[in-house]
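User: Please take a close look at one part of this model, with attention to its aromatic contacts and the charged surface beside them in your account. Keep it to what the coordinates support.

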Amino acid sequence: MTSRLATTAADGTGRSSSGEVLLQLENLTHRYRAPRRQKVYAVEDLSLTVAPGEALGLVGESGCGKSTVARCVVGLIRPTAGRVIFDGTDVWAQPAKWRRRHFARQVAIVFQDPTSSLNPRLKVRDTLADPLIIHGIGDKAARNARVQELLDMVHLPRDAADKLPSELSGGQRQRVAIARALSLNPSLLVADEPTSALDVSVQNQILNLVDELRDALNLSVILISHNIQAVSWLVDRVAVMYLGHKVEEGPVSEVRDHRLHPYTRALLSASPMITRSSERIILEGTLPSPRNPPSGCPFRTRCWKTEDVCAGEFPPADIPVRGHEVHCYFPEDPNPV
């Protein structure tokens with residue numbers, strides 16, 4: 001495999017500007033089986049890339065397929081179709097042993113709720129040492145040293161090693177979950193709504209920690225959220241999903257200030273910036289069921305611009321500005337709002 005260290009960006013941040021690709025999703029599709037031979041169309045024909053040291057935001061409302069993408073990326077579920085290519089290797093074309101012993105050391109995930117993702121019977125020390133034991137890394141002394149190092153990295157006191165999750169606050173438990181994810185020194189961290197189960201007062205602290213670790217470790221990050229404004233300052237690019245489809249993607253400032261897809265416009269209006277006036281768009285109707293998604297553009301049943309053409313095929317990619325992609329037959333005015 002190639003080195004995880006990318007060319008340093010010209011601004012000195014250490015973030016990738018080399019054009020290399022660490023992760024590539026090619027036409028990723030996943031459909032869950034449902035009762036009565038039905039299917040749940042969770043993710044449809046999704047293509048994305050993540051460069052070394054880059055942070056990608058994956059945003060959309062609940063049920064749009066974000067968490068399914070996360071689980072496909074880290075190897076928890078096999079895609080129905082498409083490919084997950086990590087550092088040039090087709091992950092699902094490799095034997096299961098390779099995924100367990102090699103791929104699992106390069107990617108890690110932080111789940112939404114640290115209370116349910118941490119074993120309540122294991123002390124923090126054992127939780128953090130467990131991945132090291134499974135992969136046969138170091139002796140007991142080396143593992144204990146690594147546990148202390150991980151606690152320092154996430155700004156927890158060293159005596160937290162001897163506590164159970166129930167003795168920690170929600171924010172502290174999520175710091176433990178992040179430390180566990182970093183125990184094997186991965187190249188890619190997938191954070192699946194890491195602040196959704198936390199008090200508002202500590203949400204920014206956790207996002208600041210992710211950003212700090214990204215810079216310190218030159219991590220690639222996929223940050224999943226329903227709130228595009230909450231993650232816009234942390235990510236380099238953002239991809240907007242709706243009902244399993246990617247509808248817009250581009251540099252975060254470009255998507256935020258020149259939103260092209262009507263759904264992106266509605267999503268951003270739900271969390272307006274304090275320093276900027278913004279219209280509030282109320283979507284009519286309910287989110288269609290992923291068991292029976294509409295034909296053509298999935299957003300057409302709630303879109304105020306829909307025409308007959310929208311019911312045909314899913315809109316092909318339109319790239320009015322380099323790096324900014326939208327899937328819409330009638331995109332919004334690209335002028336700043």
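Analyst: Two rings of Phe, Tyr or Trp count as a pair if their centres lie within 6.5 Å, with the six-membered ring used for Trp. In this predicted model, the structure holds six aromatic pairs. One of them joins Phe 86 and Phe 103: the ring centres are 5.5 Å apart and the planes stand at 75 degrees, so this pair is edge-to-face, given that planes over 60 degrees apart are classed that way. Phe 86 belongs to strand E4 (residues 81–86) and Phe 103 to helix H2, so the contact ties together parts that are 17 residues apart in sequence. Phe 86 and Phe 103 are both buried.

Phe 103 also pairs with Trp 98. Here the ring centres are 6.1 Å apart and the planes lie at 15 degrees, so the pair is stacked; the limit for that class is under 30 degrees. Trp 98 is buried, as is Phe 103.

Helix H2 spans residues 96–106 and includes Arg 105. In contrast to the buried Phe 103, Arg 105 is partly exposed, because its relative accessible area is 32% and the partly exposed class runs between 20% and 50%. Arg 105 joins Lys 97, Arg 100 and Arg 101 in a positive surface patch. Membership of such a patch requires over 30% relative accessible area, and the 32% of Arg 105 meets that requirement.

Aromatic residues also group elsewhere in the sequence: Tyr 242, Tyr 263, Phe 299 and Trp 304 form one aromatic cluster.

Terms used:
Residues numbered from 1 in each chain as written. Predicted model: local features only at pLDDT ≥ 70, side-chain atom pairs only at ≥ 80, totals over all residues. Heavy atoms only, no water. Patch = residues over 30% accessible without salt bridge, like charges linked within 9 Å, V, L, I, M, F, W, Y side chains within 5 Å. Areas by Shrake-Rupley, 256 points an atom, 1.4 Å probe, with all protein chains shown as cover. Salt bridge = Lys/Arg side-chain N within 4 Å of Asp/Glu carboxyl O. Lys, Arg positive; Asp, Glu negative; His and termini not counted. Charge placed at Lys NZ, Arg CZ, Asp CG, Glu CD. Helix = DSSP H or I, 4+ residues; strand = E, 2+ residues; numbered from the N terminus. Buried < 20%, exposed > 50% of the residue type's maximum accessible area, 1.4 Å probe, protein only.
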